[in-house]
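Okay everyone, thanks for coming. Let's take a little tour of a structure together, and I'll try to keep the jargon under control.

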Amino acid sequence: MKEAFSSPADSLLFLREAEIRRGIELLYFGYSTIYQSIDSLLTKNGLGQAHYRSLYFIARKPDISVGELLRLLNITKQSLGRVIHDLEEKALITIRQGERDRRCRLLKLSDSGKALESQLFGLIRDKMAKAYATSGADAVTGFWQLLENLLSTDIKDSALALRKGD
């Protein structure tokens, strides 16, 4: 496989519009490909990708508040409300009141929610692991740096805090 750049100066090519568009397209198609791998299992369970994103972050941070989940997902309260309702109705999550603030709703995966999230994540993990292994450690580190640099300041701390559980 041909190396993308031979020197640091060559990386300035990414400043051209065509290179930026290529990156946007690859990011979109990569994301789509990863999540297509779970679509049939989601459909079988009467769920969509919004449900999986919620399951994923609830798994990453048990007892996450609805407000914090809203910030992470960057969706409307109404959209998240529908997703939470569906997940609770299917007994995939539990909801409890906060101890300090009883208006605060804390979300946690039920045992069946943990099992489903684990199964879905396994499908995505396999694709990511293969891509990471094929790309090599330096490319993976560069990819992470690029994605972290795309994060807005208001979400960066929350997103990076998820790594503390690893």
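Let's start at Ala-91, which sits in the loop between H4 and E2. One thing to know before we go on: what you see on the screen is a predicted model. So what is the phi of Ala-91? It's near 60°, a positive value, and this residue is not a glycine. As for its surroundings, Ala-91 counts as partly exposed, because its relative accessibility is 42%, and partly exposed covers the range between under 20% for buried and over 50% for exposed.

Now hop over to Asp-63. Where is that one? Asp-63 is in the loop between H2 and E1. Its phi is near 65°, again a positive value in a residue other than glycine. Asp-63 is also partly exposed, with 29% relative accessibility.

Keep your finger on Asp-63, because its side chain meets that of Arg-96 in a salt bridge, 3.4 Å from N to O, inside the 4 Å limit for calling it one. What parts of the chain does this pair link? Distant ones: Arg-96 belongs to strand E2, Asp-63 belongs to the loop between H2 and E1, and the two are 33 residues apart. Arg-96 is partly exposed as well, with a relative accessible area of 36%.

How many salt bridges turn up in a search of the whole structure? The search finds 6. Let me show you another one of them: Arg-16 with Glu-19, where the closest N and O atoms are 3.3 Å apart. Is Glu-19 buried or exposed? At 19% relative accessibility, Glu-19 counts as buried, because the cut-off is under 20%. Its partner Arg-16 is partly exposed, at 44%. Then there's Arg-125 with Asp-126, with 3.8 Å between the closest N and O atoms. Arg-125 is partly exposed at 43%, and Asp-126 is partly exposed at 48%.

Okay, strands next. We've met E2 already, so which sheet does it belong to? There are 3 strands in an open sheet, in the order E1-E3-E2, and the pairing is antiparallel. The edge strands are E1, residues 64-65, and E2, residues 93-97, and each of them pairs on one side only. E2 pairs with E3, residues 105-109, over 5 bridges in the antiparallel sense. If you want a spot to look at, Ile-95 stands opposite Leu-107 in E3.

What packs on this sheet? Helix H2, residues 49-60, does, and it touches E1, E2 and E3. The direction of H2 makes about 95° with that of E3. Helix H4, residues 77-89, packs on the sheet too, touching E2 and E3, and its direction makes about 110° with that of E2.

Last stop, the surface. Which residues form a nonpolar patch there? They are Leu-27, Phe-143, Trp-144, Leu-146 and Leu-150, and together they have about 500 Å² of accessible area. Helix H6, residues 137-150, gives the most to this patch, with 4 residues. Trp-144 is found in H6. Why can Trp-144 be part of a patch? Patch residues need over 30% relative accessible area, and Trp-144 has 45%, so it clears that bar while still counting as partly exposed.

That's my tour. Shout if you'd like to go back to any stop!

Technical notes. Residues are numbered from 1 along each chain as its sequence is written. This is a predicted model: local features need pLDDT of at least 70, side-chain atom pairs count only at pLDDT 80 or more; totals for chains, interfaces and linings use all residues. Side-chain values use heavy atoms; hydrogens and water are left out. Two strands pair if DSSP finds at least two bridges between them. Contact means heavy atoms within 4.5 Å. Axes are lines fitted to C-alpha atoms, for helices over the stretch in contact, and angles run from 0 to 180 degrees between N-to-C directions. Patches are made of residues with over 30% relative accessible area and no salt bridge: like charges are joined within 9 Å, nonpolar side chains (Val, Leu, Ile, Met, Phe, Trp, Tyr) within 5 Å. Accessible areas come from the Shrake-Rupley method with a 1.4 Å probe; for residues, only the protein chains shown count as cover. Buried means under 20% relative accessible area, exposed over 50%, partly exposed in between (1.4 Å probe, protein chains only).
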